[in-house]
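User: I am new to this model and would like a close look at a single part of it, with enough of the surroundings to place that part. Could you take me through it in one connected account?

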Amino acid sequence: MHIPDGYLSPRTCAFFYALMLPAWYVSSRKVEKELKLKEIPLLALGASFAFVVMMLNIPIPGGSSGHMVGAVVVSVALGPWAGVIALTIALTLQAFIFADGGITTLGANSFNMALVMSFSGYYIYGALAGRSPGRPRRGFASALAAYIALNLAALFVAVELGIQPAIAHGADGRPLYAPYPLSIAIPAMMLPHLLFFGPVEALGTALIISYIYKTDEGLIKRREGLKPLWAVLIFLIVLTPLGLIAAVTPWGEWGSSGIKELIGYVPAGMEVLGGVWKGLLPGYTFTFYGAGRGASALFYVLSAAIGSGMIVLIVYLWGRLWPK
Amino acid sequence: MAEVKLPAWLKEARDAPCLADGKDSAPGFLEKNLEGIASFFGKMVYFEGYASKKGLLQAVEPRARILGVLALVLACVAASGVVALSGVFLVTLAIALLSKVGLSALIKRVLPSFLFTSVLLLPVFFSFVTPGEPIAGFMGIYVTRQGAGTAFFFISRVSLMASLVMLLLLTTRQTDFFRGLRQFLPAFFVTTLFMTFRYIFVLLKVAEDSTLARKSRTFAKGSLRESQDWFASRIALILKKSLSTAEEVSMAMASRGFNGKLDAIGPARMGKKDLLWVGLAWFVFFLSLGL
């Protein structure tokens with residue numbers, strides 16, 4: 001998961017440092033507000049804990065063992081903001097003192113493992129576990145949160161590596177940094193994470209969180225509301241019209257005609273199955289409405305809102321139906 | 001005195017040796033964890049050895065050392081051609097020799113990174129990933145000139161950057177390193193970083209002690225479920241230890257008058273040789289941009 005030095009172009013490294021600077025600033029302000037004088041020892045010990053969790057092997061079926069990132073354990077224990085700081089400090093130490101990870105890629109690594117994993121894991125866990133969950137539900141919520149958070153972080157790593165050949169190449173078209181395109185980087189990164197590392201992370205996180213709740217609930221930070229999650233969701237919905245500005249079809253979302261344009265023919269199976277399911281809102285528009293650009297943008301936003309609403313509804317129903 | 005009656009199962013003679021007969025078996029998670037912790041502690045001692053030698057990098061003030069090595073790392077990232085990368089390689093080689101860091105020690109430290117990247121880049125050599133002019137091949141699969149060029153360039157860049165970072169780590173005492181970092185990063189961050197570094201050892205010692213305690217009481221492999229429960233309980237113990245230590249440290253700091261402000265001894269003035277080193281390193285960086 002750690003991207004070493006030399007894999008990302010200077011532009012990408014600078015972009016992620018620029019992206020993380022406000023995140024680090026906001027996190028430290030939030031933590032300062034919450035923790036006051038105690039902040040330095042608590043953060044330092046939290047970061048040491050994150051470091052140690054990353055180092056230890058967890059026993060897995062088959063007599064083997066595996067490592068976990070532990071970001072969800074850290075963020076559930078300390079809160080997501082302190083989690084960002086603690087994991088960033090652990091990653092900085094790994095890069096500077098133990099030469100694990102990179103110095104130029106520290107911004108990107110912090111984005112993937114400290115920010116994405118910490119926040120997604122924390123809020124997915126909060127949404128799934130509800131207010132006072134029973135032991136099985138808590139175990140399931142923490143396992144799923146860790147699984148999704150790790151795979152989300154892995155997807156970000158894959159995209160960061162996969163875009164390098166397109167954005168940084170020599171005059172002769174030769175890739176200068178990570179050489180695999182998205183079509184190779186995504187499956188190469190995602191398959192092991194979906195099939196092996198994800199389940200290990202899920203197992204480890206569920207075991208640790210369940211144990212802590214069983215023995216000493218006071219160790220876990222009281223959960224924040226889901227307000228920040230709503231803010232992120234609304235922000236993403238507002239951003240969706242940006243997709244309309246893009247001139248090309250998103251990668252992997254080609255229709256039959258797009259496939260024909262790209263590879264010259266349509267695979268037989270795709271021809272048979274393509275178009276069987278039209279979707280509730282085909283093409284993200286209501287078919288009875290005109291196809292004007294403004295109207296499309298409006299319905300694109302509306303479709304995103306409906307999609308997000310459905311997810312929220314599923315999560316809500318999940319909370320109501322799952323036995324406490 | 002009453003006669004001691006042994007249970008029947010204890011008097012049974014068995015042909016098979018008992019489980020704890022010293023048979024070699026694949027290392028379990030306990031052994032791997034102990035090995036990992038031991039290698040971590042060993043690495044720290046190993047690092048300190050080179051820092052006390054009298055060499056080029058060791059003679060430069062820590063702040064200038066970090067700034068100079070950073071320039072060379074950036075030169076590697078920015079290099080887009082073989083000439084620039086070869087130039088940085090020669091400079092790195094000269095620095096390693098003048099800093100009395102043996103090449104074998106450096107290679108040994110960089111080898112894992114080199115091997116990892118080489119394995120990862122293996123498919124890039126071949127025509128199915130990088131089409132181009134074939135050099136050698138069999139059964140329709142060829143190593144292409146373009147593929148080999150891309151892979152060699154990438155592997156060289158990554159290994160060179162790892163060597164530079166390793167040179168900095170080998171020639172710098174941890175205390176000097178944090179003192180140097182304080183000039184570039186906020187005091188709050190560096191203090192937390194330094195404290196983290198110190199407490200990693202404390203927490204790892206807790207982990208090592210508990211793992212060793214379990215291993216010394218183990219004569220047969222436990223069930224997976226039991227091992228996992230034990231693992232979870234140890235992580236919870238480490239978390240508990242972290243939070244209680246944080247509480248104690250913050251109380252100790254408050255009782256000694258800590259008011260949230262961090263004062264540190266100001267940096268030593270940079271001498272001529274420090275400035276010369278920084279100037280030369282950044283000169284290499286700017287040269288690499290145009291090559």
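Analyst: In this predicted model, 49 residues of chain A are in contact with 56 residues of chain B. The elements of chain A that give two or more residues to this side are α1 (10-35), α2 (39-55), β1 (57-60), α4 (80-96) and α8 (182-215), and α2(A) supplies the largest share, with 14 residues. By residue type, the side of chain A that touches chain B divides into 35 nonpolar, 10 polar and 4 charged residues.

With that setting in place, the part to look at closely is α5 of chain B, residues 82-98. This helix has 17 residues and reaches 24 Å from its first C-alpha to its last, which is close to the 24 Å expected at 1.5 Å a residue. Within α5(B), the residues B:A84, B:V88, B:T92, B:I95 and B:A96 are buried, and because they cover an arc of only 105° around the axis, they lie on the same side of the helix. The background to such a pattern is that an α-helix has 3.6 residues a turn, so residues three or four places apart point the same way. On the face of α5(B) turned away from the buried side, by contrast, are the exposed residues B:V83, B:L90 and B:A94.

Two of the buried residues of α5(B), B:I95 and B:A96, also appear among the contacts of B:L167. Leaving aside neighbours within four places in sequence, B:L167 is in contact with these two and also with B:L57, B:V69, B:S99, B:V101 and B:L106. B:L167 is itself, together with A:A86 and B:V73, one of the residues with the most contacts inside the largest nonpolar core, which has 159 residues. The largest share of that core, 15 residues, comes from a helix of the other chain, α5 of chain A (residues 106-129).

Following chain B just past the end of α5(B), one comes to B:K100, which takes a positive phi of about 60°. This residue is found in the loop between α5 (82-98) and α6 (103-121) of chain B. The positive value deserves a remark, because most residues other than glycine have a negative phi, whereas B:K100 is a residue other than glycine with a positive one. As for its surroundings, B:K100 counts as partly exposed because it has 15 C-beta neighbours inside 10 Å, a number between the 12 or fewer of an exposed residue and the 20 or more of a buried one.

Definitions and conventions: Residues numbered from 1 in each chain as written. Chains lettered and ligands numbered in written order. Predicted model: local features only at pLDDT ≥ 70, side-chain atom pairs only at ≥ 80, totals over all residues. Contact = placed C-beta atoms within 7 Å. Helix = DSSP H or I, 4+ residues; strand = E, 2+ residues; numbered from the N terminus. Nonpolar A, V, L, I, M, F, W, Y, C, P; charged D, E, K, R; others polar. Expected span 1.5 Å × (residues − 1). Arc of directions from axis to C-beta. Core = buried A, V, L, I, M, F, W, Y, C linked by C-beta atoms within 7 Å.
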